Amino acid sequence: MTTAKLEQAANLLRRHAIFSCVSQALLLEELRAHAVFRTFHRGESVQVFSRSMGMLLQGRARVCKGEALINELSAGELFGAVTLFRAGEEAPTSLFASVACEVVFLPQELVRSLMEQVPDLAQAYIRYLSERVGFLTRRIAAYTSGSAGEKLCCYLREHGTLTKPNYSMLAKQLNMGRASLYRVLNELEEGGVISRQGGEIRYLKEETT
């Protein structure tokens, strides 16, 4: 792998909360020794290496659970960190390239080696996992809410103001049809729960109470 690509990966990793405590030089050394770089075409399934987590170097990828869209990742975001040290082999979600993607895979041995050399990394990793548990709990709440309106409100509370959202993607994330989404948006706007202006959707309920 070229030095430029290794440096790109190290720079993106150091911007992430998990790896910000690791020096550039140490990251480059471990990446050179253990990392695997792969490219995936649009629509291709991103096959995660056993006992590895990955980071997108460029492009976007969809995280899916069956037909449901869980999240969309962009450059600099991690996937597989929650299951990196899990005993089972089967991944709970699937990953698909939304556009052409470049990915760096970090095997368990690389992460374990960094933790041994930089103890603060283990604490950062635990904090990240705790945040992911919170994210997944909120996402489950959004999917299991009793009505389409409750699902959308739960999503807006989590994400805040949406600027020029992709309505097809939003409908998939909320596990509802586009027609239902548009109907709920109109109802919530008429009820003063949200406002829509200039391509933005803003959740107002907390501001008006």
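**A helix across a small sheet**

Let's start with helix α5, which lies across β8, β9 and β10 and runs at about 95° to β10. Helices here are DSSP runs of H or I with at least four residues, strands are runs of E with at least two, and both are numbered from the N terminus. Axes are lines fitted to C-alpha atoms, for helices over the stretch in contact (heavy atoms within 4.5 Å), with angles from 0 to 180 degrees between N-to-C directions.

This is a predicted model, in which local features need pLDDT of at least 70 and side-chain atom pairs count only at pLDDT 80 or more, while totals for chains, interfaces and linings use all residues. Residues are numbered from 1 along each chain as its sequence is written, and side-chain values use heavy atoms, leaving out hydrogens and water.

Back to α5: its buried residues (under 20% relative accessible area, 1.4 Å probe, protein chains only) include Leu152, Cys153, Cys154 and Tyr155. Just after α5 comes Gly160, with a positive phi of about 75°.

The strands beneath our heading form an open sheet in the order β8-β10-β9, with antiparallel pairing. Its edge strands, β8 (162-163) and β9 (194-197), each pair on one side only; two strands pair if DSSP finds at least two bridges between them. Between β9 and β10 (residues 200-203) there are 4 bridges, and Ile194 has Tyr203 of β10 as its bridge partner. Helix α7 (residues 178-190) also lies across β9 and β10, at about 110° to β9.

Finally, visit Glu102 in strand β7 (residues 101-107). Glu102 counts as buried because its relative accessibility is 18%.

Technical notes. Buried means under 20% relative accessible area, exposed over 50%, partly exposed in between (1.4 Å probe, protein chains only).
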